[in-house]
Structure formats: C-alpha cells, structure tokens
Amino acid sequence: MSEGKSAAKRPTVRDIAAHAGVSVATVSRILNGAYQAPQATHEKVMRAVQDLDYRTSTTRALTTLTGTIAVGIPHMRSQYYMAIGSGIEEQARTAGLGVLLSTTAGHPEQELQLVDMMLQRGVEAVILIGGIEERADHQAALANRAHALDRGGSRLVLCGRPWQGPPDAPVSVVNYDAEAAGYAATTYLLSNGHRRIAHLGGPNRYATGMLRARGYRRALDDFGVEFDEALIATARMDREAGIYYGRKLLTQTDATAIFAANDEQAAGIIAAARAEGRSMPEELSLMGFDDTLLARDLYPALTTLHVPQLEMGRAAARMAMYRDDQAEQRLEIGTHVVVRDSVRRVALN
C-alpha cells in the first residue's frame, strides 16, 4: 500500500464546511480573518475546526505567524495597557520573538475571534490583557480555545485579570490581588482620618472591579465605618467618566475623599473639582489606582495604588515562552500605595 493511501486523510476547508453546515466560502473567510461572521456561525466553524483538528493538519494552507506572540487589549488609549504591552515586547525581543498587538474593544465575542484567528496562524502564545465581562459561556468558550492552543504547542496567558473558568484549562495567569489592593487604598484614606470615602469603581461586570469594591467595603468594616450606597458609583475607566461622576459625587454627597478605579478617572475627578471650585487636597482628598506615568504629572501629584505594569508584561511573556508541562501557571504580583500630594490628613470628630 502506498504511503499516500496509508496516511490519514487531512481535513480540508470543504470538510470543515460540511461539519459546520455552512458554505466553503464562509469557512475560508472566517479562517483568514476577512469576515466578521455572526457569533453563532463563527462558533460552529471554530467548533468544527477543533473537532477535526484542522489546525495541526493544515496550517500550511494559512499565513503563519510562528515566532510571534499575539497580544489582545481592549483599546490603545490606556497607559496601563500600553505599559503592560511594553513589558511583553521587551521580554519577547530578548528571545527573538515578535509581538502582534490587536484590540478587542472589551467585547467577549471579539476576544474569542482574536484567539481563533491566532490559533489558525500558529502563534507562540496569545496574551489577553485587562478585564472583560465575566460570563460563564465566555469562560467555557475560552477554555476550549486554551485546550486547542495547548494541543498545538501554544499557550493562552491572561494578564491583569483572574481566570474564573474551568480549573483544568491550560491557562496561565499573571495578576495581582485586586481585593487586597482595594483594601490597601481605602485603608490609607481611613488612616488619614477620612470616614466619608466615595468609591468610583469600574464596571461591575468586570471581576477586577468587583474585587476592588470588595476590598473597599472590607476596609470600612475593619474601621467600623458604615457602608453608604450613596457614596458608590460605577463607570467607564476613563477621564470623561471621572469628570461626570466626580462632579456628581462632589455636589450630591458629603465625601471628603474619593477612591478612583484608575488614574485616568482620577484625572477627571481633579478637573471636576476645579470646575466646582474645590481645592485639593484641602477640601477633597483623592486616591488613584495603577500608578501610571500620568499620576506623577497631575496637580496635585496623585497618591495612588501602584500596580507593576512593566513587570506584569515581562512575566506574562516569560510564561508564554518558557512554560513547563503543568496544566496551569499562576503568578500574583504585589502592589503598594505610592504617597504623593493628593491626600490630606483630617481630624476625626
């Protein structure tokens, strides 16, 4: 019997189309990233790809990106995301690897499509930076992609967010303790005499935002301070949200301090305070989060919670490049308060 007849038949695009119940043209466009298909169609095609082990058999038919780490971020406007990306690029460069950066707009469906595209192109690893809406169906779908990447010798790495999917999924995680960080930030304000502390958090559907808020509440409990729902707001993590919700907190509450979800929100709160004629820190104290380059250039210079962004990026790249055979890897990086000029000690009544 000839070698060609004895060898297992390689699956083709036509096989994928038949398995998924869609056209050959649809499969080709999805696999080449040229078509933003409806999510249900996209899922059927990628399930067929995994069922037939198409990637390992036919990567020759696709444009490959071997020697590349793919990085997904919600957007490119954030100093936090770009600092982590810089750490990844720096570490990858030392190993002679390239970095491909793409955005997901923070949408679970776009995140899955990015992973699928990179899965087909044979990247060394996919690193996803930042939070996303925590949905059980998304976690399950991402776990399936992690297994597919692992079978092909690649790896899925999460950076700056926890893994809340199946515990046996081959997912590496570089993160910090968001609850402990929220606790430390709030405790610093409490230790400086503040008892009416507002918290402008990130979207509740993100795990990191929920954990920071949990740390805030735990710190209030430990200091015997009653929780007040009126002092809580959630918003996008950008300057515009800081201006809008900062003004509401300044005009509709008696807060003497605000704990912001990130430094960009804090910058907006400073602008809102100026617009309302409130001096800082004399009339309002402010705590940021992340310690981006922005924090030291604000006026007053921002007291904030330091998250080591460059090191997180470097660690994520190292996990991607030098992984071992274990099913999962976890690394938690420490955080701390950086004291500058935006918090004033007040006298307790």
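In this predicted model, strand β8 (residues 257-260) and strand β9 (residues 285-290) run parallel and are joined by three bridges. Within this pairing, Ile258 has Leu286 of β9 as its bridge partner. On to β10 (residues 303-306), β9 is joined by four bridges, and these two strands run parallel. Here Phe289 of β9 faces Leu305, which stands opposite in β10. From β10 the pairing continues to β12 through three bridges, with the two strands antiparallel. Thr304 has Val338 of β12 as its bridge partner.

These strands belong to an open sheet of six, ordered β7-β6-β8-β9-β10-β12, whose pairing is mixed. The edges are held by β7 (232-234) and β12 (336-338); each has a single partner strand, so one side of each lacks a neighbour in the sheet. On average, neighbouring strands of this sheet are turned by 20° against each other, direction ignored. Helix α11 (residues 239-252) lies across β6 (197-201), β7 and β8, and runs at about 155° to β6.

A further open sheet is formed by six strands in the order β2-β1-β3-β4-β5-β11, with parallel pairing. Its edge strands are β2 (98-103) and β11 (329-332), each with a single partner strand, so one side of each is left without a neighbour in the sheet. Neighbouring strands of this sheet are turned by 15° against each other on average, direction ignored. One of its pairings is that of β4 (residues 156-159) with β5 (residues 171-175), which is parallel and extends over four bridges. Leu158 stands opposite Val173 in β5.

Helix α8 (residues 136-151) packs on this sheet, where it touches β3 (125-129), β4 and β5, and its direction makes about 130° with that of β4. Helix α14 (residues 309-321) lies across β1 (68-73), β3, β4, β5 and β11, and runs at about 165° to β5.

The helix placements are set side by side below.

| Helix | Strands touched | Angle |
|---|---|---|
| α8 (residues 136-151) | β3, β4, β5 | about 130° to β4 |
| α11 (residues 239-252) | β6, β7, β8 | about 155° to β6 |
| α14 (residues 309-321) | β1, β3, β4, β5, β11 | about 165° to β5 |

The largest pocket holds about 620 Å³ of space. It is lined by 28 residues, of which Pro74, His75, Tyr81, Tyr206 and Met237 are the closest to its centre. Helices and strands that give two or more residues to this lining are α6 (79-94), α10 (207-222) and β9. By residue class, the lining of the largest pocket divides into eleven nonpolar, nine polar and eight charged residues.

Strand β9 also borders a loop that leads to α13 (293-297), and Thr292 is found in that loop. Is Thr292 buried or exposed? Its relative accessibility is 6%, and because buried means under 20%, Thr292 counts as buried. Leaving aside residues up to four places away in sequence, Thr292 touches Gln79, Tyr80, Asp263 and Gln309. Two of these contacts fall in helices named above: Gln79 lies in the range of α6 (79-94), and Gln309 lies in the range of α14 (residues 309-321).

Methods. Residues numbered from 1 in each chain as written. Predicted model: local features only at pLDDT ≥ 70, side-chain atom pairs only at ≥ 80, totals over all residues. Heavy atoms only, no water. Pairing = 2+ DSSP bridges. Axes fitted to C-alpha atoms, helices over the stretch in contact; angles between N-to-C directions. Contact = heavy atoms within 4.5 Å. 1 Å grid on protein atoms, 1.4 Å probe; cavity = no way out; pocket = protein on both sides within 12 Å on 5 of 7 lines; lining within 4 Å. Points joined across faces, edges and corners; volume = space filled by probe spheres on them. Nonpolar A, V, L, I, M, F, W, Y, C, P; charged D, E, K, R; others polar. Buried < 20%, exposed > 50% of the residue type's maximum accessible area, 1.4 Å probe, protein only.
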